[in-house]
Amino acid sequence: MSMDDDTATTPLLTSHKVKPAKLPPSIDDMIEACIGDTGVVQLLRAVFVAFAWAFDAQQVFISVFTDAEPRWHCAGSAGGNSSCTPAAAAAAPCALPSGGTWVWDRPARTSVVSEWALQCASPALVSLPASSFFAGCLAGGFLLTTLADSRLGRKKTLLASLVSMSAAGVLTALAPNVWAYAALRFVSGFARSVVGTCTLVLSTELVGRRWRDVVSVAAFFCYAVGFLSLPALAFALREASWRSMYFWMSAPCLCYAALLYFLAQESPRWLLVRGRTQEAVETLRQISSLNGSSSTTTTSFSTLDACSMREEAGASGGGVFDTLRMMSERPWANRRLAAIMVAAFGVGMVYFGMPLSVGSLGPNLYLSTTYNALAEVPSAVLSWLLIARADRRASVVALAASAGACSLACAAIPRGAGAARMAAELVSFFVTCTAYDLILIYAIELFPTSVRNSAVGLVRQAMVLGGVAAPMLVALGRERSIWSFGVFGLAIGGAGIFAACLPETRGKTMSDTMEEEERNEASCTSTTPMAKHSDSDRDLV
């Protein structure tokens with residue numbers, strides 16, 4: 001047999017078996033190698049960071065009590081007061097003549113409505129403080145979110161937000177009128193706009209990939225704790241001024257911020273992406289020591305230099321809005337962001353609007369709010385189960401549809417059936433809470449480290465945008481439920497459909513840069529064709 005024959009019989013595909021170029025290790029892989037398995041102490045530190053969500057919940061829902069319309073009764077006996085008849089008492093107190101014909105059940109100082117005589121004001125004025133708060137959240141989210149990805153980092157942004165939020169809360173307790181009160185609520189919303197985002201991103205970036213879901217669910221539980229503390233605090237201060245609630249809500253937050261300054265670390269992922277490798281190495285050594293992995297080889301730390309992404313993050317001279325520019329230049333990022341923000345808008349409208357509507361469902365505001373707060377606890381458990389075992393995309397679509405159906409049922413049930421309406425509202429809120437949690441986790445997994453905080457922040461702002469419209473709808477829904485629960489059901493059900501346009505992220509490794517995310521996406525989309533090509537190659541051989 002000649003050499004030509006040998007050449008002719010050599011499989012043609014052999015020349016195509018070229019080893020692909022070895023990619024540098026990702027930040028995720030290097031951090032896992034450096035810190036080892038997450039220990040108890042580091043896990044507790046991450047959970048302590050997640051506890052900031054408790055104060056975030058207090059800021060969001062405190063107006064349920066401070067801005068509630070108190071109950072009232074006719075002054076004197078029914079027979080001695082001809083102006084205040086049972087028929088008149090069924091209407092609003094502003095329909096009665098002034099001059100002692102009726103009185104509030106509790107002191108006027110217990111609510112802004114009774115203290116500033118807003119019972120006869122227009123729905124726009126009554127809802128102005130709550131709407132101002134959500135408008136502040138919206139403005140702060142767009143202006144401050146990118147700071148955590150660019151100049152300040154996760155920890156400093158979180159600390160600045162907590163301190164500013166607490167200071168605004170103390171000043172709110174000194175508001176002389178409804179206009180100053182609404183302005184200070186805007187400032188409070190502006191300050192807390194990035195608390196939730198920074199908390200969730202920082203806490204999950206301080207632990208290994210095995211514990212990220214656990215820390216995320218812990219943050220949701222902390223949010224439930226903060227929500228549950230509000231009816232307890234309001235009941236304890238039910239005879240005191242509404243100003244006391246703002247003070248006792250803000251003071252503990254300042255103490256927490258002081259402890260957080262000493263106990264929390266900066267995200268090593270963010271430090272590496274920003275090119276601050278030395279600080280990242282020191283942080284990782286500290287975490288490694290807490291995890292009992294001090295025997296980690298020096299080689300693992302020395303290779304961290306290869307993971308520095310200074311050019312992409314703009315560490316040397318990049319602007320504050322560089323992360324937004326990086327996303328806007330990529331069509332796939334725009335599509336993802338638009339779809340998940342639309343879904344988040346519908347979820348946010350129901351999530352922030354439902355607790356404001358409970359006053360129209362039952363006579364006991366404290367008990368009704370407690371039921372809503374308790375719904376956060378099983379929803380966190382369900383979120384954990386869905387995160388571990390179900391696809392993100394299908395879960396969000398199904399939850400949004402279920403919440404919409406229950407909300408529409410609440411609007412259809414007659415007002416006389418109070419127990420049935422309350423049950424429908426609780427189920428709708430429970431499902432909405434789960435969708436709220438899943439969308440935030442979904443957003444974290446959809447975007448890489450270099451833009452993650454900005455992307456998650458924009459998703460939260462879409463939720464807040466839904467919350468801006470909620471107080472007005474709640475005020476209109478006091479007369480006709482279709483304007484509150486009906487609109488809520490249509491909004492969340494319709495917006496949830498957009499989640500079907502998103503890629504599935506369950507089981508995927510978290511990317512660190514936009515280029516890495518594009519490579520991962522390309523490898524996922526080309527897996528099936530390559531598999532088919534390999535089968536045909538084997539047939540040819």
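Which residues of the largest nonpolar core touch the most other members? In this predicted model, select Phe61, Met327, Phe352 and Ile439, which have the most such contacts among the 98 residues of that core. Next, colour helix α23, residues 418-446, since the greatest contribution to this core, 14 residues, comes from that helix. If you then display the two domains separately, you will find that the core takes at least three residues from domain 1 (28-68 + 104-315) and at least three from domain 2 (317-521).

Stay with isoleucine 439 and show its surroundings: leaving aside residues up to four places away in sequence, Ile439 touches Ile340, Ala343, Ala344, Val347, Val396, Val459 and Met463. Another core, of 20 residues, lies apart from the one just visited, and to locate it you can select Leu159, Ala191, Tyr256 and Ala257, which are among its members.

Move on to helix α12, residues 195-205, where 11 of the 11 residues are buried. The buried residues of α12 include nonpolar ones to pick out, such as Val195, Leu200, Val201 and Leu202, but Thr197, Thr199, Ser203, Thr204 and Glu205 are also on the list.

Finally, turn to the surface and select Val214, Phe221, Val381, Trp384 and Leu385, which make a nonpolar patch of about 390 Å². Helices α13 (212-236) and α21 (365-389) each give two or more residues to this patch, and the largest share, 3 residues, belongs to α21. End the tour on leucine 385, which sits in helix α21 and is partly exposed, with a relative accessible area of 36%.

Terms used. Residues numbered from 1 in each chain as written. Predicted model: local features only at pLDDT ≥ 70, side-chain atom pairs only at ≥ 80, totals over all residues. Heavy atoms only, no water. Core = buried A, V, L, I, M, F, W, Y, C linked by side-chain atoms within 4.5 Å. Buried < 20%, exposed > 50% of the residue type's maximum accessible area, 1.4 Å probe, protein only. Helix = DSSP H or I, 4+ residues; strand = E, 2+ residues; numbered from the N terminus. Domains from an automatic or database assignment. Contact = heavy atoms within 4.5 Å. Patch = residues over 30% accessible without salt bridge, like charges linked within 9 Å, V, L, I, M, F, W, Y side chains within 5 Å. Areas by Shrake-Rupley, 256 points an atom, 1.4 Å probe, with all protein chains shown as cover. Salt bridge = Lys/Arg side-chain N within 4 Å of Asp/Glu carboxyl O.
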